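Got a minute to go through some charged pairs? Have a look at the fold here and let's talk salt bridges.

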Amino acid sequence: MGPWRCLLLLPLLAPALRAQQQQFMEYVERRITLLEERISQWHDQSSRYSTELRDFKNQVLGMLEAAEKEREAMRAEAESAAVRVERLEREVDYLETQNPAPPCVEVDETLMDKQVATAKQRKNEKYTKLTDCSDTIASVRAMKILKRFGSSSGLWTKDAAGSSEKIYVFDGTANDTVYVFPRMREFTLFSATRKAARIKLPYPWVGTGHLVYDGHLYYIRQQGQSFQVIKFNLANKTVVDSSVFPAEEQIPVFGLSPSTYIEVSADEEGLWAIYATKEDEKNMCLAKLDPASLDIEQMWDTPCPRENAEGAFVVCGALHVVYNTRLPSRARVQCVFDVSGTLAPEDASLVYFPKRYGSHASLKYSPRERQIYAWDDGYQIIYRMEMKKKMEV
């Protein structure tokens, strides 16, 4: 086909080409419109989702904030409850100390007479030892002055049988409140009693002859002309037992300590009571006590004089009496009485204590530590002893 024919056909094909072009443009416009609608729909949905997500986030944050407030409120309530419980426990402990279980302290005259008769039947019999302890004091070599606490007379000690490190302090010769320090460190470092617990006893004590033994306090109560040994449980603050001491017309056991009528002592063999009566007012008596029932198992008249005696303790079944003078000088163990007969009084060594301030108000032997807790004119002192076998004396 020649060029002139193409020129003739152009006018005929132009409308068809324009029609196709128009259709293509309309198609493209429809597609663009559809895309715009979809984009707009996506934008609307995205905006709605963002709004919902923001609202949900704000709702969760509000819930978390409310939960945190509730937790703080519960914590405050728990702390307040703990404070109230602790206060209630202290009040209960205080009430227990103020109102301990009343012990049965009625004196059964028949039972007391029977106990006295039984003890007298075994009086001055040779003692059968419970342990193989055969030591006696060789010397007092070391001394440690801890502090000055309280009045000129009193006593301080640990539990003579248990493993507790607590320090028990009895200030004075007539009181009803015992100070308890958790350890030696607190007792030594603090001059005041703010680090000490207080135990108020149901009855006041008399003298300085008391003892802490196996979780119990054995202390002396005066009731008229008679004396009672009170067994007090230190854990629950109650009186476990009490017993009228079966001795008639008692007098002060130590010439230099007129307020002490019974000295309760502990050694490797158990519990002992040192006392004196008008029947033999020149010398001391010794009794073996049953820690459980407070019954007297045996009694002895000793050759140890009361005059110028300031204290006494028992070591391995032997009574050691410490003497001084009314014008205080150097204290010394000058009389030893062995209940088993192993050591004769005249064979015992004369043992001196280091020179101190005055006269001892109390001397408490600790069998598990082999040392003595002494109270000298208000000073609390520890004496460490050197021991040797009795047959070496």
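Here are a few questions and answers on the salt bridges.

This is a predicted model, so to speak: local features need pLDDT of at least 70, side-chain atom pairs count only at pLDDT 80 or more, and totals for chains, interfaces and linings use all residues. Residues are numbered from 1 along each chain as its sequence is written, and side-chain values use heavy atoms, leaving out hydrogens and water.

Q: How many salt bridges does the count come to?
A: A salt bridge here is a side-chain nitrogen of Lys or Arg within 4 Å of a carboxyl oxygen of Asp or Glu. By this rule, the count is 13.

Q: Which parts of the chain does the pair of lysine 364 and glutamate 263 link?
A: These two form a salt bridge, with the closest N and O atoms 2.6 Å apart. The residues are 101 apart, and strands here are DSSP runs of E, at least two residues, numbered from the N terminus. Lysine 364 sits in strand β18 and glutamate 263 in strand β10 (residues 262–267).

Q: Is lysine 364 buried or exposed?
A: Buried means under 20% relative accessible area, exposed over 50%, and partly exposed in between (1.4 Å probe, protein chains only). Lysine 364 has a relative accessible area of 3%, so the residue counts as buried.

Q: Which residues are linked with Asp135 in a network of salt bridges?
A: Aspartate 135 forms a salt bridge with arginine 370, the closest N and O atoms being 3.2 Å apart. The network that links Asp135 also takes in Glu268, Arg370 and Lys389.

Terms used:
Helices (H or I, at least four residues) and strands (E, at least two) are DSSP runs, numbered from the N terminus.
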